[in-house]
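Visitor: I'm new to this structure, and I'd like a close look at one part of it. Could you pick a spot in a sheet and walk me outward from there?

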Amino acid sequence: MALKGASTWGCSKPPPQLGVASSHSGLIGNLRYDLNKCRKWECCCLGVLAQRATTAVEDEKPTVPLVESSGAADGIIQNDPIGFHKDLNLLPKPLTAIDISSPSDGSKVRVAYQGHPGAYSEDAALKAYPQCETVPCDEFEAAFKAVELWFVDKAVLPIENSVGGSIHRNYDLLLRHRLHIVGEVQLCVNHCLLGLPGVRKEELKGVVSHPQALAQCERILNDLGVAKISAHDTAAAAETVALNCVRDTGAIASSRAAKIYGLDILAERIQDDDENITRFLVLAREPIIPGTDRPHKTSIVFSLEEGPGVLFKALAVFAMRNINLSKIESRPLKQRPLRVVDDSNEGSAKYFDYLFYIDFEASMAEPRAQYALGQLQEFARFLRVLGCYPMDTGL
């Protein structure tokens, strides 16, 4: 910032004699008295200005002097300058790019997720932003809207599971809302069997949890011979068991949910498949600037005209540039689910019209990714980039 130059300031010399007649000696005496007072005031002001010269011009505010009377005898008004900072270290510091960007630990960031406190989605949010403030939402769409309406900064939502497959609801919501994917989180799921303090798993007659969790732990539930009770999510199941205080009812949830709701962990890692991994997406109002300093992934959605080999041509634009596709998902186009094509013979043929969601391992900062999307756009009826973001390579 530009600073005012601080020149060497000092008091001015006394003015020369005014050559006034001796008969006016009284007036001259009063005038000299006034001039002495003015010189003192001038020195004070110049000293203040010299000190203020070190203050940044952008941060400087006009000084509002206080008016005080020096006494009834002389009737002279003195201005004592105030309002400047005596300690320059107390001045506000300009923001830097580091201050404006979100901290890596997620402090001061509010993150929405679907479920109750202790849900796996909250675990994913805390993995992405360890010091963030998590905000639970009843439904997936409520998390989308919370970001759009500025109630939160980001949302972390599941998109696929290594056992259960894709969460189709969130694929549809990605197209309905104008949020951007700015990151991904891969979370190892560790299902735990929870119960009230002092209860043994052999005493259980029923287990409540999310339908996906019940399906992923089918083996141990069949061995125990318990009834399977569906709940909205795993954390809500743990909360239900804690509130109802029914000793013969357990829950399948995370170990963190057991701590939150005061339940005992009766058994850990009860899922049928040990490698149970859920992938989450981090959504924000604005996209991030793609880079090439680390592996990136780009997510797109597009639709194609009907014709032989059209999907092959769409996928070939990536293969010919050595771009790996890590995910492909098709969803019916709800605005026009059926397409009628005239047949040369009798009647007509009906086809489903699809949207294709693709994740490919390349950054939009790379020319090969730009050229691939440019070629795809030549014959795609619709194309939208959902986000370009760093890959989560650690579990």
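Guide: Let's begin with one pair of residues: Leu325 has Phe360, in strand 18, as its bridge partner. Before going further, keep in mind that this is a predicted model, where local features need pLDDT of at least 70 and side-chain atom pairs count only at pLDDT 80 or more, while totals for chains, interfaces and linings use all residues. Residues are numbered from 1 along each chain as its sequence is written, and side-chain values use heavy atoms, with hydrogens and water left out.

That bridge belongs to a longer run, for strand 15 and strand 18 are joined by seven bridges in the antiparallel sense. Strands here are DSSP runs of E with at least two residues, helices are runs of H or I with at least four, and both are numbered from the N terminus. Two strands pair if DSSP finds at least two bridges between them.

Now widen the view. Strands 15 and 18 are part of an open sheet of four strands, ordered 15-18-14-19, and the pairing is antiparallel. Which strands stand at the edges? They are strand 15 (325-332) and strand 19 (380-390); each has a single partner strand, so one side of each goes without a neighbour in the sheet. On average, neighbouring strands in this sheet are turned by 15° against each other, direction ignored. For angles like that one, axes are lines fitted to C-alpha atoms, for helices over the stretch in contact, and the values run from 0 to 180 degrees between N-to-C directions.

Two helices lie across these strands. Helix 10, residues 310-319, lies across strand 14, strand 15 and strand 18, and runs at about 160° to strand 14. Helix 11, residues 367-379, lies across strand 14, strand 18 and strand 19, and its angle to strand 19 is also given as about 160°.

Back to edge strand 15, which is where you'll find Ser326. Is Ser326 buried or partly exposed? Ser326 is partly exposed, since its relative accessible area is 34%; buried would be under 20%, exposed over 50%, and partly exposed is in between, using a 1.4 Å probe and protein chains only. Leaving out residues up to four places away in sequence, Ser326 touches Lys297, Asp359, Phe360 and Glu361, where a contact means heavy atoms within 4.5 Å. Take Asp359: in sequence Ser326 and Asp359 are 33 residues apart, yet from C-alpha to C-alpha they are 5.6 Å apart in space.

Step back along the chain, and you reach Arg321 in the loop between helix 10 and strand 15. Arg321 is partly exposed too, with a relative accessible area of 23%. Its contacts, apart from neighbours within four places in sequence, are Arg368, Tyr371, Ala372 and Gln375. Arg321 and Ala372 sit 51 residues apart in sequence and 7.4 Å apart in space, C-alpha to C-alpha.

Asp359 also leads us to a hole in the model. There are two cavities of 30 Å³ or more; a cavity is a set of points, on a 1 Å grid over the protein atoms alone, where a 1.4 Å probe fits but cannot get out. The largest cavity holds about 70 Å³ of space, with volume taken as the space filled by probe spheres set on the points, which are joined across faces, edges and corners. Its lining has 13 residues, and Tyr171, Leu174, Ser299, Asp359 and Leu386 are the ones nearest its centre; a lining residue has an atom within 4 Å of a point. Which strand gives the most to this lining? That's strand 18, with three residues. Helix 5 (168-176), strand 13 (277-284), strand 14 (296-304) and strand 18 (354-360) each provide at least two.

Leu174 is worth following a little further. The second largest cavity, with about 40 Å³ of space, is lined by Phe144, Leu157, Pro158, Ile159, Asn170, Leu174, Leu281 and Leu283. Here, strand 5 (154-161), helix 5 and strand 13 each contribute at least two lining residues, and strand 5 has the largest share, three residues.

Conventions. 1 Å grid on protein atoms, 1.4 Å probe; cavity = no way out; pocket = protein on both sides within 12 Å on 5 of 7 lines; lining within 4 Å.
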